[in-house]
Amino acid sequence: MRVQILDKGEPLGLPVVVEGRLCWALRNLISAGAAGCTPINHPGPRWSHYTWKLRAMGFAIETIHEKHGGPFPGTHARYVLHSDVSVLEDAKVAA
């Protein structure tokens, strides 16, 4: 997937190519909008790693720590994409 990060509607740097699991994570973050994604409702083996790599590519992603109960109480992360992103090409959509 090739995307452009925007700043107030204007391109910020060059377009970015995102592939594989990073592409999967970015698609989920874009689709989720302000609600964000958690490993609970969007199962993925390495959300923290995907967001770390996407941040290194220039995407602004917030991590919110939330408590949860159940048989294994603790915390989980919610990841929210704050970058404005324009999808220029997406092979999955084209297929």
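How many salt bridges does a search of the whole structure find? The exercises below work through this and other features.

The model is predicted, so local features need pLDDT of at least 70, side-chain atom pairs count only at pLDDT 80 or more, and totals for chains, interfaces and linings use all residues. Residues are numbered from 1 along each chain as its sequence is written, and side-chain values use heavy atoms, without hydrogens and water.

**Exercise 1. List the salt bridges and place each partner.**

Step 1. Fix the criterion. A salt bridge is a side-chain nitrogen of Lys or Arg within 4 Å of a carboxyl oxygen of Asp or Glu. The search of the whole structure finds 3 salt bridges.

Step 2. Take Arg-2 and Glu-89. Their closest N and O atoms are 3.3 Å apart. Arg-2 sits in strand β1 (residues 2–7) and Glu-89 in strand β6, so this pair ties together parts that are 87 residues apart in sequence. Strands (E, at least two residues) and helices (H or I, at least four) are DSSP runs, numbered from the N terminus.

Step 3. Check accessibility. Buried means under 20% relative accessible area, exposed means over 50%, and partly exposed is in between (1.4 Å probe, protein chains only). Arg-2 has 30% and is partly exposed. Glu-89 is partly exposed too, at 46%.

Step 4. Take Asp-90 and Arg-27. Their side chains meet in a salt bridge, 2.6 Å from N to O. Asp-90 is in the loop between β6 and α3 (91–94), Arg-27 is in helix α1, and the two are 63 residues apart. Asp-90 is buried, with a relative accessible area of 13%. Arg-27 is partly exposed at 23%.

Step 5. Take Glu-66 and Arg-78. The closest N and O atoms of this salt bridge are 2.6 Å apart. Glu-66 belongs to strand β4 (residues 61–68) and Arg-78 to strand β5, so the pair ties together parts that are 12 residues apart in sequence. Glu-66 counts as partly exposed, at 21% relative accessibility.

**Exercise 2. Describe how helices α1 and α2 pack.**

Step 1. Choose the descriptors. Two packed helices are described by the angle between their axes and the distance between the axes. Axes are lines fitted to C-alpha atoms, for helices over the stretch in contact, and angles run from 0 to 180 degrees between N-to-C directions.

Step 2. Read the values. Helix α1 (residues 20–32) and helix α2 (residues 47–56) pack at about 90°, with axes 10 Å apart.

Step 3. Classify the angle. Under 35 degrees counts as roughly parallel, over 145 as roughly antiparallel, 65 to 115 as roughly perpendicular, and the rest as oblique. α1 and α2 are therefore roughly perpendicular to each other.

Step 4. Find the residues in contact, which means heavy atoms within 4.5 Å. From α1 come Arg-21, Leu-22, Trp-24, Ala-25, Leu-26, Asn-28 and Leu-29, and from α2 come Trp-47, Tyr-50, Lys-53 and Leu-54. The residues of this contact divide into 8 nonpolar, 1 polar and 2 charged. Here Ala, Val, Leu, Ile, Met, Phe, Trp, Tyr, Cys and Pro count as nonpolar, Asp, Glu, Lys and Arg as charged, and the others, Gly among them, as polar.

**Exercise 3. Compile the surroundings of Asn-28 and Ser-83.**

Step 1. Start with Asn-28. Asn-28 is in helix α1. Its relative accessible area is 16%, so Asn-28 is buried.

Step 2. Look for polar contacts. These are pairs of N or O atoms within 3.5 Å; within protein, one must be able to donate a hydrogen and the other to accept it, and residues adjacent in sequence count only if both atoms are side-chain atoms. The Asn-28 side chain reaches the backbone oxygen of Trp-24 at 2.9 Å.

Step 3. Add the contacts. Not counting residues up to four places away in sequence, Asn-28 touches Cys-37, His-42 and Trp-47.

Step 4. Move to Ser-83. Ser-83 is in the loop between β5 (74–81) and β6 (84–89). Ser-83 is buried, at 14% relative accessible area. A polar atom of its side chain lies 2.6 Å from the backbone nitrogen of Ala-60. Leaving aside neighbours within four places in sequence, Ser-83 is in contact with Ile-5, Gly-58, Phe-59 and Ala-60.

**Exercise 4. Characterise the loop residue Lys-8.**

Step 1. Locate the residue. Lys-8 is in the loop between β1 and β2.

Step 2. Check the backbone. Lys-8 is not a glycine, yet has a positive phi of about 55°.

Step 3. Check accessibility. Lys-8 is exposed, with a relative accessible area of 80%.
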